[in-house]
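Dear colleague,

Please find below the structure that I am handing over to you, followed by an account of what was found in it.

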Amino acid sequence: MNNTIAIRVYDFLKNYPPFTLVEKGRLMNVAEKIVIQYYEPQQYIFEQDSAISNYFYVVKEGAVQLLRNEEDQKILIDECDNGDVFGIRPLLAKRPYVVSAQAMEETLIYAIHTDDFQDIFKNNSEVAFYLASNFAAGVRNRFAENKKGKFYYGAEKEISSNYKLVEVQSIESSKTPVTCLPNTLIRDAAKIMSKNGVGSIIVVNEKFHPLGITTDRDFRQEVVAGSVSPTQPVSEIMSSPVITIPPDRTVAEVQIEMLQHRIHHLCITEDGTIHSKILGIISEHDLLVVQANNPAVLIREIKKGTSGATLRKIRDKAEILLQKYLEQEVSIKYISEIMSEINDALIIRAIQIAENDLEVAGYEKPSADFCWLALGSEGRKEQLLRTDQDNALVFENVAEEDYDEVKNYYLAMAENVTLIIHECGFEYCPADMMASNPQWCMSLEKWEQRFSKWMNQPGTKEVMMTTIFFDYRPIHGNFQLAEEMTQHIFEGINQQEIYLSHLANNALQNPPPLSFFRNFIVEKNGEHKDQFDLKARAMMPLADAARVLILNAKVGQINNTFERFEKLAELEEGNRELFEQAADAYEILMRFRATQGLKHNDSGRFVKPSELNKMQRLMLRNSFQPIHDLQSLLKVRFRLNLFG
Amino acid sequence: MFSFWKKKKEYPDFWKNYLAHFENKLPKKTPISELKFVVFDTETSGFDHKKDKLLTIGAVRVSNNKIDLADSFEVRVLQQDIYNTEAIPIHGIVPNKEKGIPKNDAIQQFINYIGADIIVGQNINFDIAMINHGLQPILNEKLKNKNIDTAQLAKRAEHLRSPQMMKPSEFTLDALCKRYNIPMHDRHNAAGDALLTAFLFLKLISQLKKRGVKNLGDLIK
């Protein structure tokens, strides 16, 4: 018997996870035994509390809603469309269904007998993890804790030193070497070099084994000085023997060779000795090019930058570095550490340039110190892409009569700094939350007064303002000023318990959506929307929740959202799992946003569901669950039901 | 009396087994969900059932809105002109499934498969004629199954359409699949077409249900 139909079923399944992860022969075996089921609109595939079947399901065509009955209400859990897997409970547990599945329209379903899939499920951990994640999304359970969401990106690579990435990188095959025979006249060798636009020529024998090297420096020193004539053979002036290395040496090894021999060129030969054919040549310059994207090198370059334009070029290189890190699945913690360091260096350099410019323009630097503060995502060390700049400036308290003069100086400086940062590609803050705004450039005393006022009468706007200041980070200047500000804020919180409730309430403003369906986002009320605001609907709620919980735990010093969650997991054993999930979710969202942003060359903030594959949809949907759970936790902890 | 005696005497086993399926007649009140249907299609070398050759038979069984692929049917008929008759092994052994099995075996396997189920197909009369013609060299009998033509069923479901919309070109498998949102691919493969026809059949049954077609009697008049 042939199996035309099974092949068709296979052709369909193979496009959708987890079947994408199943080997062809095994998937064919599954396809041959599938039961195709037809459902009319409103018909149930299975019902909550009924005994499980022996099958799990894939939507072939149509749409299915998963619903849960809670206190006479039907709560929408998820909507499934073509290729979505549902009803996998029989694979995992023997207990009755906890949700109902109802066809929303005419629907064809592929039912797979659990016996036909047990083998794959047990032996293919990726398949098991995908299905378990899918399952967990509906029932608030975490599965395979040790995997920590790594499944989506493969194993994360930890990198301990700034140089490692570049160091282990192989030298890419360098350009074809320019060669000549030993009896070539110096004059002709020089012509060959200039024709090929190179600074050195390798002298080889008939078998292309390297004998020596001559560089333009040798010409300058020997020929131009007159010690040899251009009509003598090149062998007269070549350096010999050459230092050779085999192919596939890393940058670090090459660098060491050059340092040891105090030379600027290395020859790559077939077997690494001078007795084999030459393959390529590496110059010190090639090494520099390879290393140009090394973060330490970038930071060094930033420190030497003299204008917004040059700084921008360096920041562009950092973006290439970011891309590489994302591609290589470097841990997001390392990536954000590096990117923050680069951003910080850039801000510091901008401040130095601005100070210098003011001096040139005849401004006198006040004796009162200042501290430059990074706010928002840069304050949290989460700014991977060049989004908005948010910053503020605090300066030492000064006598009333000197106040305006000092303030004007710092405003002028901030004006300059924000301009340079803008030139580097960071947009101005649309809400004008920048040190160049008189409202955001004040003395310590004035800042403290402002905080007290915000905390004593917290309206929505004030709460939003204060949240910014729990994520600030001193970047440059006198850090003692920032320290004192922090102290003041924490004292304020201790006196105003209700204030944290306001913050918690603020963290509930944006509940996450439910899921994805076809080309839409599914809201909790079943509404469909075609665009998703990753920042407002998923990242901000997590950052807000982390902030209020860490303040409630009276832990300062930690600004980073996933580090806050990790700390909370440590502090609260009872909610450890939730906080770990939240930390994972935030990492996944950060990575996802950066990847999207680089791909579309924008902030990565808005996501179109139509551009997501099933895997990305599942990944995002799973990150919504901890947000939902965290918001429930905040409601209970801060008694927000009683809260106006 | 004479014909009865003849049957008992001369029928081969497969036909006796086939007839046995028809001993218990299904009541007309049997709900559709309890009926078994075999949706099938044949692939032939042309449209003359007497002259043209049967190439493949494909079928799926539909019961209670489900199609179990493990219980589907697909055979390729061995073509005499490309095969040395002396090399044909004894009944039922397939020498090469790419080349197919002898026609008599294909027909017998198909008859074993369908039993007394209601046979369904697009323009089913042609496919039935093809099978009956293939049956002739084995014995002088014809298929006894109840049958449903999906083209006719669609006309029943759409009787409110204007007469000019009822022309035959509107009721080809292609036109119907389009109208009922059934994605098509690699048409004109017997098993593939049988599956498409089965999807069409399921959708038509669902339509007719709303109009009171609920049991065997309603379905086959």
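I begin with one lysine and the strand that holds it. K60(A) is found in strand β3 of chain A, which covers residues 55–61. Please bear in mind throughout that this is a predicted model. With a relative accessible area of 13%, K60(A) is buried, because the cut-off for that class is under 20%. Its side chain is joined to the side chain of E61(A) by a polar contact of 2.5 Å. When neighbours within four places in sequence are left aside, K60(A) is in contact with F12(A), N82(A), L108(A), I109(A) and Y110(A).

Y55(A) lies in β3(A) as well. Y55(A) is partly exposed, at a relative accessible area of 23%. Not counting residues up to four places away in sequence, Y55(A) touches V35(A), G87(A), P90(A), Y97(A), A111(A), I112(A), H113(A) and T114(A). The C-alpha atom of Y55(A) is separated by 7.7 Å from that of I88(A), a residue 33 places away along the chain.

As for the strand as a whole, 6 of the 7 residues of β3(A) are buried, so the rest of the structure largely encloses this strand. Two pairings of β3(A) may be noted. With strand β8 of chain A (residues 107–113), β3(A) runs antiparallel and is joined by 6 bridges; in this pairing F56(A) stands opposite I112(A). With strand β6 of chain A (residues 85–86), β3(A) also pairs in the antiparallel sense, over 2 bridges, and here V58(A) stands opposite V85(A).

For the wider setting, chain A has 23 helices and 23 strands. Of its 644 residues, 55% count as buried. Among contacts in chain A between residues at least 6 apart in sequence, 72% join residues at least 24 apart.

Another part of chain A forms an open sheet of 3 strands, in the order β12-β13-β14 and with mixed pairing. β12 (244–245) and β14 (278–283) of chain A stand at the edges with a single partner strand each, so one side of each has no neighbour in the sheet. β12(A) runs parallel to β13(A) (residues 265–269), and 2 bridges join them. In β13(A), I268(A) is the bridge partner of I245(A).

I turn next to the interface between the two chains. In this interface 19 residues of chain A are in contact with 26 residues of chain B. The area buried between chain A and chain B is about 2300 Å², and carbon and sulfur atoms give 54% of that area. The rule finds 2 salt bridges across this interface. One of the salt bridges brings together the side chains of K203(B) and E106(A), at 3.5 Å from N to O. Also across the interface are 10 residue pairs in polar contact, with both residues at pLDDT 80 or more. On the side of chain A that touches chain B, the elements giving two or more residues are α1 (4–13), α2 (24–32) and β1 (35–39) of chain A. The residues on that side of chain A divide into 9 nonpolar, 4 polar and 6 charged.

β1(A) also takes part in strand pairing between the chains: it pairs with strand β3 of chain B (residues 66–68) in the antiparallel sense, over 3 bridges. Q37(A) stands opposite K66(B) in that pairing.

Finally, I summarise the salt bridges. Over all chains the structure holds 38 of them. R621(A) and D78(A) meet through their side chains in a salt bridge of 1.9 Å, N to O. This pair links distant parts of the chain, with R621(A) in helix α23 (residues 614–637) and D78(A) in strand β5 (residues 73–80) of chain A, 543 residues apart. Both R621(A) and D78(A) are buried.

The salt bridge between R26(A) and E23(A) has its closest N and O atoms 3.5 Å apart. R26(A) is partly exposed, at a relative accessible area of 36%, whereas E23(A) counts as exposed at 52%. In chain B, K144(B) forms a salt bridge with E141(B), where the closest N and O atoms are 3.6 Å apart. K144(B) counts as partly exposed at 39% relative accessibility, and E141(B) counts as buried at 16%. Salt bridges that share partners also join R380(A), E382(A), D471(A), D544(A), R547(A) and R564(A) into one network.

With kind regards

Technical notes: Residues are numbered from 1 along each chain as its sequence is written. Chains are lettered from A and ligands numbered from 1 in the order in which they are written. This is a predicted model: local features need pLDDT of at least 70, side-chain atom pairs count only at pLDDT 80 or more; totals for chains, interfaces and linings use all residues. Side-chain values use heavy atoms; hydrogens and water are left out. Contact means heavy atoms within 4.5 Å. Buried area is the accessible area (1.4 Å probe) that two parts lose on being put together, summed over both. A salt bridge is a side-chain nitrogen of Lys or Arg within 4 Å of a carboxyl oxygen of Asp or Glu. A polar contact is a pair of N or O atoms within 3.5 Å; within protein, one must be able to donate a hydrogen and the other to accept it, and residues adjacent in sequence count only if both atoms are side-chain atoms. Helices (H or I, at least four residues) and strands (E, at least two) are DSSP runs, numbered from the N terminus. Ala, Val, Leu, Ile, Met, Phe, Trp, Tyr, Cys and Pro count as nonpolar, Asp, Glu, Lys and Arg as charged, and the others, Gly among them, as polar. Two strands pair if DSSP finds at least two bridges between them. Buried means under 20% relative accessible area, exposed over 50%, partly exposed in between (1.4 Å probe, protein chains only).
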